[in-house]
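Notebook open, coffee poured. I'm going through this one from the overall fold down to single side chains.

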Amino acid sequence: MNFADLVSQKIREKGPLAVGLDPHLELLPPYLLEKWFREKGKTLDALALCVAEFNHLVLRAVADVVGIVKIQMAFYEQLGVPGMVALKSTMNEVRNKGL
């Protein structure tokens, strides 16, 4: 199935609502930042793990009502290689949830 057909199918199944995963670092939940900073220090690794966990929580919350997820890659690129790992983890979770 091509991308356009997949989008059309998801809209028919769950409606036109989409969730954007554009993790602005200054808006991440403080409890997640504190958790990962304690474990990894104030590093790109910690920020990327925080982003990945936040995305997984969002995806868990919306999977039953949303069929489409939009990921803005630039937010992950700013974290370098750890950001690409967070992006891959997020993409895997999107696919696992059938979004």
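Before counting anything, I note that helices here are DSSP runs of H or I with at least four residues, strands are runs of E with at least two, and both are numbered from the N terminus. I also keep in mind that this is a predicted model.

**Overall**

With that settled, I get 5 helices and 2 strands in the protein. Reading along the sequence gives me α-β-α-α-β-α-α. I looked up the extent next: the C-alpha trace spans about 45 × 25 × 20 Å along its principal axes. Of the 99 residues, 36% count as buried. I also checked the contacts with a separation of 6 or more, and 70% of them come from residues 24 or more positions apart.

**H1**

H1 covers residues 3-14, so 12 residues by the DSSP run. Its first and last C-alpha atoms are 16 Å apart, close to the 16 Å expected at 1.5 Å a residue. What caps the N-terminal end of H1? I found asparagine 2 there, with a side-chain oxygen 3.1 Å from the backbone nitrogen of alanine 4. After the helix comes glycine 15, and its phi is positive, near 95°.

**H3**

H3 runs over 44-62. I compared its span with expectation: the 19 residues should cover 27 Å at 1.5 Å a residue, and the end C-alpha atoms are 27 Å apart, so the two agree. Which residues of H3 are buried? My list reads Ala46, Leu47, Ala48, Cys50, Val51, Ala52, Asn55, His56, Leu59 and Val62. A reminder to myself: an α-helix has 3.6 residues a turn, so residues three or four places apart point the same way. As for partners, the buried residues of H3 pack against strand E1 (18-21), H2, E2, helix H4 (74-77) and H5.

**Glutamate 93**

I picked out glutamate 93, which sits in helix H5. Is glutamate 93 buried or exposed? Its relative accessible area is 17%, and the cut-off for buried is under 20%, so I log glutamate 93 as buried. Setting aside neighbours within four places in sequence, glutamate 93 contacts His56 and Leu59. Both of those partners are on my list of buried H3 residues.

**Two lysines**

Lysine 42 is in the loop between helix H2 (30-40) and helix H3. At 74% relative accessible area it is over the 50% cut-off, so I put lysine 42 down as exposed. I took one distance from here: the C-alpha atoms of lysine 42 and histidine 56 are 21 Å apart, with their positions 14 residues apart along the chain.

Lysine 35 lies in helix H2. Its relative accessibility is 30%, between the two cut-offs, so lysine 35 counts as partly exposed. From lysine 35 to valine 69 I get 26 Å, C-alpha to C-alpha, for a sequence separation of 34 residues.

**Largest pocket**

Last stop was the largest pocket, which holds about 320 Å³ of space. Its lining has 13 residues, and Phe3, Leu6, Val69, Val94 and Leu99 lie nearest the centre. Which elements each supply at least two residues of the lining? I have H1, strand E2 (68-71) and helix H5 (80-96). By type, the lining divides into 9 nonpolar, 1 polar and 3 charged residues.

Conventions:
Residues numbered from 1 in each chain as written. Predicted model: local features only at pLDDT ≥ 70, side-chain atom pairs only at ≥ 80, totals over all residues. Heavy atoms only, no water. Expected span 1.5 Å × (residues − 1). Polar contact = N/O pair within 3.5 Å; in protein donor to acceptor, adjacent residues only side chain to side chain. 1 Å grid on protein atoms, 1.4 Å probe; cavity = no way out; pocket = protein on both sides within 12 Å on 5 of 7 lines; lining within 4 Å. Points joined across faces, edges and corners; volume = space filled by probe spheres on them. Nonpolar A, V, L, I, M, F, W, Y, C, P; charged D, E, K, R; others polar. Buried < 20%, exposed > 50% of the residue type's maximum accessible area, 1.4 Å probe, protein only. Contact = heavy atoms within 4.5 Å.
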